[in-house]
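Reader: Hey, got a minute to walk me through this one? I'd like to get a feel for the fold before I dig in.

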Amino acid sequence: MTDRDGLALPLRAASMDWVTSVAIEVDSEAEAHMARVGLGLVDYPESVEVRALRPSLFQAVSAFLHSPDLEVQEAAIAAAVPLLDAPELVEQRALLAPLVRDVLISSDNRSYRSIASRGLKSWGEETGLLPDEQDEDLWAGGCSSEPPF
């Protein structure tokens, strides 16, 4: 299995990445986006069913939050972040926030760093200046005289 950058991933990490993508599709940000275009997430039974599975998915993912394999650990933390959008899991955010800060923010995987940033911000947690946020100003005007232009 490979990630989006074509790097080889252990099967467990790839499975967690799949959980991450599914969880993101039904989180409150996705629901808000759908509402802006006149759709309701609740109008899609599959989405409602996936939302109901979030506590079970979190339980499965949490078994790997402290994996000795860094790739698996990062993938598990990244999967847990969007799952904690579920109202019944909100109390878990305070427990996961230190792992997000200590492990995910410094990941080599840009997607994981983005998930960390979005998660911490949506939880009302202090993020400080995250590595990827330093690059955001390059695109503030749509282009830059510095690479990547």
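Reader: Let's start with H5: which of its residues are buried?

Author: Sure, and keep in mind that this is a predicted model. In H5, the buried ones are Arg 93, Leu 96, Ala 97, Leu 99, Val 100, Val 103 and Leu 104.

Reader: And what do the buried residues of H5 pack against?

Author: They pack against H4 and H6.

Reader: How far apart are the end C-alpha atoms of H5?

Author: Only 14 Å, for 12 residues. A straight helix would reach 16 Å at 1.5 Å a residue, and H5 falls short of that.

Reader: What about H4, how far does that one reach?

Author: H4 spans 20 Å from its first C-alpha to its last. With 14 residues, that is close to the 20 Å expected at 1.5 Å a residue.

Reader: Is H4 mostly covered or mostly open?

Author: Mostly covered, with 12 of its 14 residues buried. Among them are Val 72, Gln 73, Glu 74, Ile 77 and Leu 83.

Reader: Which helices do those buried residues of H4 pack against?

Author: H1 (11-25), H3 (45-62), H5 and H6.

Reader: OK, Gln 73 in H4 caught my eye. Why does Gln 73 count as buried?

Author: Gln 73 has a relative accessibility of 11%, and buried means under 20%, so Gln 73 counts as buried.

Reader: And what does Gln 73 touch?

Author: Leaving out residues up to four places away in sequence, Gln 73 touches Phe 64, Leu 65, His 66, Ser 67, Leu 99 and Val 103. Leu 99 and Val 103 are also among the buried residues of H5.

Reader: What's going on at the start of H4?

Author: Asp 69 has a side-chain oxygen there that comes within 3.0 Å of the backbone nitrogen of Glu 71.

Reader: Now the pairing of H4 with H6. At what angle do they pack?

Author: About 35°, and their axes are 10 Å apart. The crossing is left-handed.

Reader: Which residues make that contact?

Author: H4 brings Glu 74, Ala 75, Ala 78, Val 81 and Pro 82, while H6 brings Tyr 112, Ile 115 and Gly 119. By type, the contact divides into 6 nonpolar residues, 1 polar and 1 charged.

Reader: Tyr 112, hm. What lies 3.1 Å from the backbone nitrogen of Tyr 112?

Author: A polar atom of the Asn 109 side chain.

Reader: And where does Asn 109 lie?

Author: In the loop between H5 (93-104) and H6 (110-122). Asn 109 is at 12% relative accessibility, so it counts as buried.

Reader: What about Ser 122, buried or exposed?

Author: Exposed: Ser 122 lies in H6, and its relative accessibility is 54%. Its C-alpha is 9.9 Å from that of Ser 28, although the two are 94 residues apart along the chain.

Reader: Switching to H2, then. What caps its N-terminal end?

Author: Asp 27 does, with a side-chain oxygen 3.2 Å from the backbone nitrogen of Glu 29. Just after H2, Gly 38 takes a positive phi of about 85°.

Reader: There's another glycine in that stretch, Gly 40. Where is Gly 40 found?

Author: Gly 40 sits in the loop between H2 (28-36) and H3. At 18% relative accessibility, Gly 40 counts as buried. From C-alpha to C-alpha, Gly 40 is 9.9 Å from Ala 30, with their positions 10 residues apart in sequence.

Reader: And what does Glu 25 touch?

Author: Ala 30 and Leu 41, not counting residues up to four places away in sequence. Glu 25 belongs to H1 and counts as exposed at 56% relative accessibility. Its C-alpha is 8.1 Å from the one of Ser 47, 22 residues away along the chain.

Reader: Let's zoom out. How many helices and strands are there in the chain?

Author: There are 7 helices and 0 strands, giving the pattern α-α-α-α-α-α-α along the sequence.

Reader: And what share of the residues counts as buried?

Author: 39% of the 149 residues. As for contacts with a separation of 6 or more, 52% are between residues 24 or more positions apart.

Notes:
Residues numbered from 1 in each chain as written. Predicted model: local features only at pLDDT ≥ 70, side-chain atom pairs only at ≥ 80, totals over all residues. Heavy atoms only, no water. Helix = DSSP H or I, 4+ residues; strand = E, 2+ residues; numbered from the N terminus. Buried < 20%, exposed > 50% of the residue type's maximum accessible area, 1.4 Å probe, protein only. Polar contact = N/O pair within 3.5 Å; in protein donor to acceptor, adjacent residues only side chain to side chain. Axes fitted to C-alpha atoms, helices over the stretch in contact; angles between N-to-C directions. Left-handed = near helix turned anticlockwise from the far one by under 90°. Contact = heavy atoms within 4.5 Å. Nonpolar A, V, L, I, M, F, W, Y, C, P; charged D, E, K, R; others polar. Expected span 1.5 Å × (residues − 1).
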